[in-house]
Amino acid sequence: MPEHRRKEHCRSNYTYFVTYRTRWSDNDQYAHLNNSIYYHLFDSVINSYLIAHCGLTPPDSPLIGLVVSSHCQFFAPLSFPDVLDLGLRVVSLGKSSVTYEVGVFKAGEDAPSAVGGYTHVFVDSKSRKSSALDEHLRTGLLKIMGKASVPGAKL
């Protein structure tokens, strides 16, 4: 993504934030966060939101989200001991699916160091067949489609 596109993903575009303190073990041999860590971050911010604001209680929830696609674009390196702000928003909400976007920001910076996310298709936890989002889940997800800020958490 060109630099001008990176600027389109400023902090104010995200509606829910958690703070993440990087760990020494997050770095790879090149002294920056290993690519796989970004997917851990996405999973953590998305699932913390689903648990806190959408009523999901893994592994007991009747609906579970399965990842069907994922992506990440990198703009600037991050490394231990950086403190990160992970911004979350919903970019698409269907009958049984939701697409999330996560902006990974170095604390205090307005432009992201990476932007990524994934799409969940929600299925019945027993049959694994696609199921419509229940009202609590849909209501919680709709809250992060807008600009209103939702209090964050720390990871």
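**Notes on the salt bridges and cores**

1. K106 pairs with D82 in a salt bridge (a Lys or Arg side-chain nitrogen within 4 Å of an Asp or Glu carboxyl oxygen), with 3.6 Å between the closest N and O atoms. The two sit 24 residues apart, K106 in strand β4 and D82 in the loop between β2 and β3. Helices and strands here are DSSP runs numbered from the N terminus (H or I, at least four residues; E, at least two).

2. Before going on: this is a predicted model, with local features needing pLDDT of at least 70 and side-chain atom pairs pLDDT 80 or more, while totals for chains, interfaces and linings use all residues. Numbering runs from 1 along each chain as its sequence is written, and side-chain values use heavy atoms, leaving out hydrogens and water.

3. D82 is buried at 13% relative accessibility, whereas K106 is partly exposed at 31%. (Buried is under 20% relative accessible area, exposed over 50%, partly exposed in between; 1.4 Å probe, protein chains only.)

4. The structure has four salt bridges. One of them joins R11 to D85, closest N and O atoms 3.0 Å apart. R11 is in the loop between α1 (3-7) and β1 and D85 in strand β3, so this pair ties together parts 74 residues apart in sequence.

5. R23 and D26 also form a salt bridge, at 2.7 Å between the closest N and O atoms. D26 is buried at 0%, but R23 is partly exposed at 45%.

6. The largest nonpolar core (buried Ala, Val, Leu, Ile, Met, Phe, Trp, Tyr and Cys joined through side-chain atoms within 4.5 Å) has 33 residues. Its largest share, eight residues, comes from α2.
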